[in-house]
Structure formats: C-alpha cells, structure tokens
Amino acid sequence: MIEPNPHKSLFVASAQTKQRATAEKRFHMLGLTAIFIALSMLAILMTTIVAKGSGAFQQSFITLDVALLEAKLDKKGTRNPDNLKKVTTFGYAPLIKAAMEQIVVARGIETDLTSKDMAAIVSKSAAAQMRDRVLNDPRLIGTTTEFKFLANSWIDGYLKGRVTRETIGKNKNISSAQLDFADRLIELGIIEKSFNIQFILGADASDQRPEDAGIGVAIIGSFAMMCVVLLLALPIGVAASIYLEEFAPENRLTDFIEVNVANLAAVPSIVFGILGLAFFINMMHLPQSAPLVGGLVLTLMTLPTIIISTRAALKAVPPSIRSAALGVGASKMQTTIHHVLPLATPGILTGTILGLAQALGETAPLLLIGMIGYVATNMPETVSQGLLSPNSAMPAQIYEWAKRADPAFYERAWGGIIILLIFLVTMNLIAVRLRRRFERRW
Amino acid sequence: MNENIISHEELAMTAPTIKISARNVDVHYDKTHAIRGVSAEIPSNSVTAFIGPSGCGKSTFLRCLNRMNDTIKNCQVSGDIMLDGEDIYDPKVDPVQLRAKVGMVFQKPNPFPKSIYDNVAYGPRIHGLARDKSDLDGIVEQALRRAAIWGEVKDRLSAPGTGLSGGQQQRVCIARAIATAPEVLLMDEPCSALDPIATAQIEELIDELRQNYSVVIVTHSMHQAARISQKTAFFHMGTLVEFGDTKTVFTNPRDPQTESYITGRIG
C-alpha cells in the first residue's frame, strides 16, 4: 500500500537507510585501501630503485701521478704518431705499477703487496685511458702527469659497502691485503668517490671492467629508434586512422581491417621481433643489431596503439563541427584537415607519446634482432652510423647488465633503470604539456 | 506540376520567381521510406517554413536541398531538385559548390572553436572569394552586419566564437553562412536551442534576410512559422500534405490533417 505515514520522523534513520550508509562507508574504505596499496607499492618500487641504483652514479677514482717515460712510450724520440700508436696498452701497464711504487715510497705506506697487486686495484681501463690521452697530446711524453683512474669494481664495492673483508673469502679478484692498502690510500685522499658522468655518457664495457660501463651509447641507440618510430608510425598511423574514420566505406573489408588492428595491439612484442628478424634482416638484408631495424620493428608494434588512440580522438570530435564545415561548402578533406584534425591533435599526441614510451621500454623484440649485449664500444659519430651501426637500447642494456655475473653490473642495471624511468617520466610530462597547450589554443 | 499541392494562381500572386523546384522526391534510409513523392516550389526572396510533427521528414527534405544527406550512409535520394533550373543531383554537380550557393544554419549553434573572424572568414577563404586581406575584412564585416551581430562583436573579432551566448553564436553561424554569398539559406530549427529574447532577434533577422535570400526554415513552432514565413509547407509521415501561402494554411487549411495539426490535435 502506498500511503503517507505522517508519524515517521526524518530524524530517525530507518533500518534500510542504515544498511545503505554502512555499505557506502564500506565501499569508501575499500577504495581508500586500494589507493593506499597502490601508493605503497609505488613507494617500495621507487625507494628500492633509488637505493640500489644511485650507487651507479658514484664511482671510486684513484688519482695517481704517472711518469710517462719516453723510454717506454717513444723509444726513437720522434713523436711520430704512427710509432706512438704501435705501443699497445700492454706498454702502458708497467707505468701504473711504477706510479704505485712511487706512492708507497713517497707516502711511507707499509705493505707486503707486489707492485702488480697494488696496480690491480686500478681499473683495467686505466692503460687505455693513458694511451688515449698520450696519443691526443704527445707532448705529455717525458713528463709526470696526474691521472684520475677508475678504481676496479671490488675496491669501488668496498667503498660503497658492497664488498667487505668477510664477504671476499677466497675471491681471486681481491685480497684483504689489497683492502688494507686501499684503506691507506683512502686516508691519504688518493682514492675518492665522486660523481661519474661516464655512466650516463659512456659505452658498455666488457665483463672484466664493470666500473667502466656506461649507458650513453644505449641512450643514443634508443633515441635513434625513437626517431625512426616517430617519423614512420606517426604519419602512417594518423593517415590510416583518418582514412578509416573519415573516408572508408563501411563494409566487410573495413570491418576486417578494424578487427585486425585491434588484434595487432594485443600481439606479444616478441612476435614483432621475430617478424623483424625474418623480414627486415633475412629478407631485406638490413644490418643486424642496427637501430634502424629496431626502429622498424618498434614501428610495427606502435602503429596499432597510435591508430587506436587517433581514431578515438577523431571520434571524439563533435559531428556538429563536421556539419558546420560541410555546410559552408568545405570538401571532406578540408573538413578533416582544417577542423577535425586540429581538434583531435591533443588526443593524437597523447596516444603517440604513450606509444613511444611503450616502445622505449620494449626489450623482447630487440633480443631477436641482436640489439642486445656488448655490441657498441664507441659513440656513433654520424647520423647514418647512429642508425646503421650495431647498437643496443636502454632496456636491452639493462637486461644485459642484470644477467652478468659480477655484482657490480647489478648496481649498474639499477642505475640504468633510473635513467630509463627519467626518460619515460619526461616523455609523459611532455605529453601532458602538449595536451594542455593545444587544448588551450582551441 | 503536382496539381493537388499548389496551384499556379497562388504561386503567381506571392512569388514572382521560383528558386528551387522539387519534383517527386523520395528519400530512403536503408528500408525506411523517409520522404514520399514530395513536390514543391520554393520562391525566391521569401521565407518558406516547413512545419510538421517530429519525424515527418521536414528536416530530411531540407537537407536534400543542399545535399547534406550525401554524408549520411545508406541515404538514397531520387526525384529531381532544380536550383534555378539546374538539377543539383546531376553527376556533374560538385556538392561543395552547391553548398556555397545554398547555405545552412543548424539546430544547435555550431561555431568552429576559432575566433569569430575566422568563423566567418572560413567560407570565403576556401572558396577564394576574397582578393586580399582588406577584401576579406570587408566580407566579414558585411556578413556580420547582415546577421545583425556586428555591433556586438566588432571589438572582439579575435575572441573565440564559442565564448558567445547561444543567440550570438547562432547569429555568427548565420553570418558564416551568409559570407559565402549564398542565394538560399536553409535553417534547421535555428531557434530551438535559444531563449525567447534570442529567438525574437533571430526571427527579426530572418525577416530582413528575405530581402537578399530565399530562406527555408524548419520549425516546430507554428507561431514562428505564422510570424515570419510567407509560404508554409506541412509535412506528415514523409508526405507533403499541404503547401501554400502561410495565411491560407493557417486560417483556411484545405486538408483536414493540416487543420488537426495547427489546432493541436496531432503532433
């Protein structure tokens, strides 16, 4: 019976209202808990990454005065560059031993170490570093020059607390006598930790010298791939979406295309990798491990993302704008280019940048086309080298470091993740900014 | 000429020339027969109102007159529609050119999200109507004056058109349609989204536009049709039931259906 009941007060909550209020409160709490869990996961992720990765940006350096003896480096005394080049890094190695002996005597350090063991705490990259500097400036020969060498990864680990006297045990790479010696050098200020720009700018290094490995060349590789993806995927994706959304007739063929584009977006990236290997490398004979090929593979992978987001952006443009343009006699193309596309730009840009960010973090397809591992030792010098000479990419480099045995590489993997995340956050910020800017203009 | 719809005498009295003449127009959407054998002659320099209940086909017929139906999928138009004696559905006709001649104003004001100036200048630009910037400025000013909005916007031509009030937006849209130098203006319920004051302004404007254009207006308001039009066409269920002088249609309708509608019994 629907009868008004004047005796019911509004101040007394009915049983049903109470139940509803409880349910609402429960739902509220559920949402808060979910947010809290998500935020704490993020906090755990960020603190772990920063705690484990920040070490990679600091490196231990040993500052030594090295006597660049003419007798060793330029026996004829002609300073002929060709002759100087004939002296390999083996010719430079004894100079470091000599410099170490010099320090022991001059600073009165007591040690039982042989000069070879003393020199071993310096990175294996030291000889090459000296040679490069001498070849650049032959006038240094015959002088005593100050060099800032990398300490080897065990000493570096000792300074960072990763390596201790307890953990080294029977480690063949480092002895406690060497650690004692290092302690003395630290007291004297000869071994110091400082910011390591080479990690950001340098190339990967072999298994023997993790302290020398950097992610710079891989950054260039990633950058070259992103350029390829942007230049190919954006125009192709936008053109395809405009055709499908604005011009294509509605029939079975376009339905089929639509379903397939949606499916392609869900294809595992490794499938695109093996496609790239079969098509670009085996069939078209493009160079292996080249960022160009990586870019092409990532283009294939990014296209569906860009097409889907662009179509959504075009669909979101109100039909009244199209009617208005057609009504004053604009052609279909003018309507699209002058009115629909500018209004869809923020959405297209957001989709593109998110697609690029996804491509930037992709590792699996790069495994298959050889863009992984210790492939590039130097920065590419020209654009074509950047595209065609073997290189790696940031996530592939991180993966490579993570699977190497030496724990020093492990730290670099975390450091690489920090740099990768910085890139991704930057790209997302750019996406947000571009979106705001274009929206304000209209 | 379809005798039972309009007589020659009636036509000769009020309208010296015929601007658009439609003969046996049928429109199909998929399986729906939206317009059935409509024939009508729309005189120049006058206001013709299309009235009728929702879904009667008046908007569909209006959109046939500038081929806006072309953009709707599965829409089939048959029959002849002549503009100044030329068949607008002839394969040689580019709808783009037709729409410059037959402008359209829509139900909801739909200015482009650009400046007021760019809104009005868009048509002349794409049709190459202006020789230079000052010429274009002149066209924009003239169009805005004719749309009775110049005084309100002349100081803020670079402000976005979407920032105006509904009535102002609709007048900017009328100016935009006028700027392509059309001969016919089609208006699809131009006042349905506006308040009474804005409606009165637009109605006054339509009456003035009659001097230069043939205006065809679809309206749900019979009062509006009676106020501003010289000719009225009553559509029902896709057919043109009655077409004649507005006075005659409202005071002495020939068809009982028309009478029922204007007295409020159907609709």
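**Exercise 1. Determine whether A:Lys97 is buried, partly exposed or exposed, and state which surface patch contains this residue.**

Step 1. A:Lys97 has a relative accessibility of 31% and therefore counts as partly exposed. Buried means under 20% relative accessible area, exposed means over 50%, and partly exposed lies in between (1.4 Å probe, protein chains only).

Step 2. The residue is found in helix α4 (residues 89–107) of chain A. Helices (H or I, at least four residues) and strands (E, at least two) are DSSP runs, numbered from the N terminus.

Step 3. A:Lys97 joins A:Lys72, A:Lys75 and A:Lys116 in a positive surface patch. Patches are made of residues with over 30% relative accessible area and no salt bridge, with like charges joined within 9 Å and nonpolar side chains (Val, Leu, Ile, Met, Phe, Trp, Tyr) within 5 Å.

A note on the model: it is predicted, local features need pLDDT of at least 70, side-chain atom pairs count only at pLDDT 80 or more, and totals for chains, interfaces and linings use all residues. Residues are numbered from 1 along each chain as its sequence is written, chains are lettered from A and ligands numbered from 1 in the order in which they are written, and side-chain values use heavy atoms, with hydrogens and water left out.

**Exercise 2. Identify the residues of the nonpolar surface patch and locate A:Leu45.**

Step 1. A:Ile35, A:Leu39, A:Leu42, A:Leu45 and A:Met46 make a nonpolar patch of about 480 Å². Accessible areas come from the Shrake-Rupley method with a 1.4 Å probe; for residues, only the protein chains shown count as cover.

Step 2. A:Leu45 belongs to helix α1 (residues 15–53) of chain A, and its relative accessibility of 45% makes it partly exposed.

**Exercise 3. Describe the salt bridges of A:Arg184, A:Glu400 and B:Lys19.**

Step 1. Side chains of opposite charge can pair when their charged atoms come close. A salt bridge is a side-chain nitrogen of Lys or Arg within 4 Å of a carboxyl oxygen of Asp or Glu. Over all chains, the structure holds 30 salt bridges.

Step 2. A:Arg184 pairs with A:Glu187, with 2.8 Å between the closest N and O atoms. Both residues lie in helix α9 (residues 176–187) of chain A, three residues apart, about one turn of the helix. A:Arg184 is partly exposed at 27%, whereas A:Glu187 is exposed at 59%.

Step 3. A:Glu400 pairs with A:Lys403, the closest N and O atoms being 3.3 Å apart. The two are separated by about one helical turn, because they stand three residues apart in helix α19 (residues 394–403) of chain A. A:Glu400 is buried at 9%, while A:Lys403 is exposed at 51%.

Step 4. B:Lys19 pairs with B:Asp84, with 3.0 Å between the closest N and O atoms. This pair links distant parts of the chain, 65 residues apart: B:Lys19 is in strand β1 of chain B, and B:Asp84 is in the loop between β4 and β5 of chain B. B:Lys19 is buried at 13%; B:Asp84 is partly exposed at 40%.

**Exercise 4. Give the strand order of the four-stranded sheet in chain B and explain why one side of β2 and of β5 has no neighbour.**

Step 1. The order is β2-β1-β4-β5 in an open sheet with antiparallel pairing. Two strands pair if DSSP finds at least two bridges between them.

Step 2. β2 (32–43) and β5 (86–87) of chain B stand at the edges with a single partner strand each, so one side of each is left without a neighbour in the sheet.

Step 3. Strands β1 (residues 18–29) and β4 (residues 75–83) of chain B are antiparallel and joined by eight bridges. B:Ala22 has B:Ile81 in β4(B) as its bridge partner.

**Exercise 5. Characterise strand β9 of chain B and its partners.**

Step 1. β9 (residues 231–236) is mostly covered, with six of its six residues buried. B:Lys231, B:Ala233 and B:Phe235 point one way, and B:Thr232, B:Phe234 and B:His236 the other way.

Step 2. Strand β3 (residues 47–51) of chain B pairs with β9(B) in the parallel sense over four bridges; here B:Ile51 stands opposite B:Phe234.

Step 3. Strand β10 (residues 239–245) of chain B pairs with β9(B) in the antiparallel sense over six bridges, and B:Phe235 stands opposite B:Leu240.

Step 4. The hairpin of β9(B) and β10(B) has two residues between the strands, and B:Met237 there takes a positive phi near 50°.

Notes: Lys, Arg positive; Asp, Glu negative; His and termini not counted. Charge placed at Lys NZ, Arg CZ, Asp CG, Glu CD.
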